[in-house]
Amino acid sequence: MYVAGRQCFAVSNPSRLPTVERARATIETSSAGGVDDRAGPRDLVVEAEGGVLGPAQLTALGAAIGAGKRAWLYWPRERAVETVDRERLRSYRRLRRVAAVLAPFARIASHLPRRARAGDPASPVSAAAAATRIETGDDYKDAAQAQWDENPVGSHYADRSVPRTLDWFHEIETHRYRRYAPWMPAVMEFDRHAGEDVLEIGGGIGTDLAQFARHGARVTDVDLSGGHLRLAEENFRLRRLTGRFIHHDAETLPFPDASFDLVYSHGVLHHTPDTARLVGEVRRVLRPGGRVIAMLYAESSWHYWRQQVWRRGLVEGRLRRESMGEILSQSVEISGNDARPLVKVYTRDRLRALFAAFQDVVIMQRQLTSEELPLPLRPLRAIVERVAGWNLIVKAVRA
Ligand SMILES: C[S@@+](CC[C@H](N)C(=O)[O-])C[C@H]1O[C@@H](n2cnc3c(N)ncnc32)[C@H](O)[C@@H]1O
């Protein structure tokens, strides 16, 4: 069935639906793993206008999922598809409730003058690795390469040193662990893996991987962005550290089973279309008893609701015509070009489902700076961070 607005009609040719590669999110709980592109006439496809679904659409989705069918959301203007499971449906119901309560306030706020905000600083470095792009056949993965080849992560915050020097890498590191995320060194356990084989997925410019390496781990980085990988290699060379740097899509890892003691990944799994497949690969390459430490963006967070839903979605009115996926894709990562990387957000339940094949799953929440909070809440920052931080950190053991 195909539900557009209030109308329902059968899809005569389901194969015309956009394919897996366009999917905004995956059904991590499905046994097939990832998005299934075999939409059949008995599955439900709901056509959405903006980001907030109507009651009829929510009811139809609930009934379909309850009856064991697969359900999809489809945004024709964005040419985007999202598969919907129970947990995503809960998120859409929550978004509708919050939007209904906040709509009158957002209308008022939209007429108030806004404090002028400095735009995102331009990236001082383009890693210019266009020559070394991986052919993925996937728009989102191509967008990820365009995004991070041109806008190396963290580079916007280094304005006192010459790009690509040791000082520059140190300046980025200092900003990361002193100002942006002081919780990282302890929570991410950089100094606890000496003598182990550590794989980082999407290591960026190598800042975190260098911490594992300087504390004695044997490290490997796999990244889709050739530009990032080149910078990570430079970073290691300047610091006189050793590591392996492999240009590859982590949804298919180029390693034999049971190759690593730790797989670490920070801010990557939510950018790849088939996250479930990537997590399956993580499990495969871990040795029995090996661990994964991964950070993904949190839906139940101050940043998501305050910055993305309230500010961009409601006050700017974008939810009327765009999905949250589109808003996140345009807003979350600092971009000096028009690359639109895929950005997904996770609840704790969704993360537990994603790592269901692992043991001893622990989930922590962090990442909230004082500046993000209104003045009266600032003294409570450390507490608010643990329930509403932008990062969910999952730690789990391969059985
Ligand atoms: C936001 S950056 C994070 C970089 C680094 N982990 C950090 O925290 O600074 C996301 C990184 O994930 C990489 N990435 C995204 N999808 C990937 C995939 N399927 N396989 C490998 N790397 C991927 C990107 O190329 C980019 O380097």
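Colleague: Which residues of helix H8 are buried?
Modeller: The model is predicted; local features need pLDDT of at least 70, side-chain atom pairs count only at pLDDT 80 or more, and totals for chains, interfaces and linings use all residues. Residues are numbered from 1 along each chain as its sequence is written. Buried means 20 or more other C-beta atoms within 10 Å of the residue's own, exposed 12 or fewer, partly exposed in between, with C-beta atoms placed from the backbone. In H8 (residues 275-285; helices are DSSP runs of H or I, at least four residues, and strands of E, at least two, numbered from the N terminus), the buried residues are Thr275, Ala276, Leu278, Val279, Glu281, Val282 and Val285.

Colleague: What covers those residues of H8?
Modeller: Look for contacts, meaning C-beta atoms within 7 Å. The cover includes strands S6 (197-201), S9 (260-266) and S10 (286-297), and also helix H11 (348-354).

Colleague: Is Asp349 buried, exposed or partly exposed?
Modeller: Asp349 lies in helix H11. Because Asp349 has 14 C-beta neighbours inside 10 Å, it counts as partly exposed.

Colleague: How far apart in space are Asp349 and Glu87?
Modeller: In sequence, 262 residues separate Asp349 and Glu87. In space, C-alpha to C-alpha, the distance is 7.5 Å.

Colleague: Are H1 and H2 roughly parallel or roughly antiparallel?
Modeller: H1 (residues 55-66) and H2 (residues 86-111) pack at about 160°, axes 11 Å apart. Axes are lines fitted to C-alpha atoms over the stretch in contact, and angles run from 0 to 180 degrees between N-to-C directions. Under 35 degrees is roughly parallel, over 145 roughly antiparallel, 65 to 115 roughly perpendicular, and the rest oblique. H1 and H2 are therefore roughly antiparallel.

Colleague: Which residues of H2 touch H1?
Modeller: From H1, the contact uses Leu58, Leu61, Gly62 and Ile65. From H2 come Arg86, Leu89, Tyr92, Arg93 and Arg96.

Colleague: How many nonpolar residues does the contact of H2 with H9 have?
Modeller: H2 packs with H9 (residues 302-315) at about 65°, axes 9 Å apart. H2 brings Leu95, Val98, Ala99, Leu102, Ala103, Ala106, Ala109 and Ser110, while H9 brings Val309, Trp310, Leu314 and Val315. Ala, Val, Leu, Ile, Met, Phe, Trp, Tyr, Cys and Pro count as nonpolar, Asp, Glu, Lys and Arg as charged, the others, Gly among them, as polar. No residue there is charged, one is polar, and the nonpolar count is 11.

Colleague: Which helix gives the largest share of the shell around the ligand?
Modeller: The ligand has 22 residues around it, each with its C-beta atom within 6 Å. Helix H3 (139-150) and strand S7 (218-223) each give two or more. The largest share, three residues, comes from H3.
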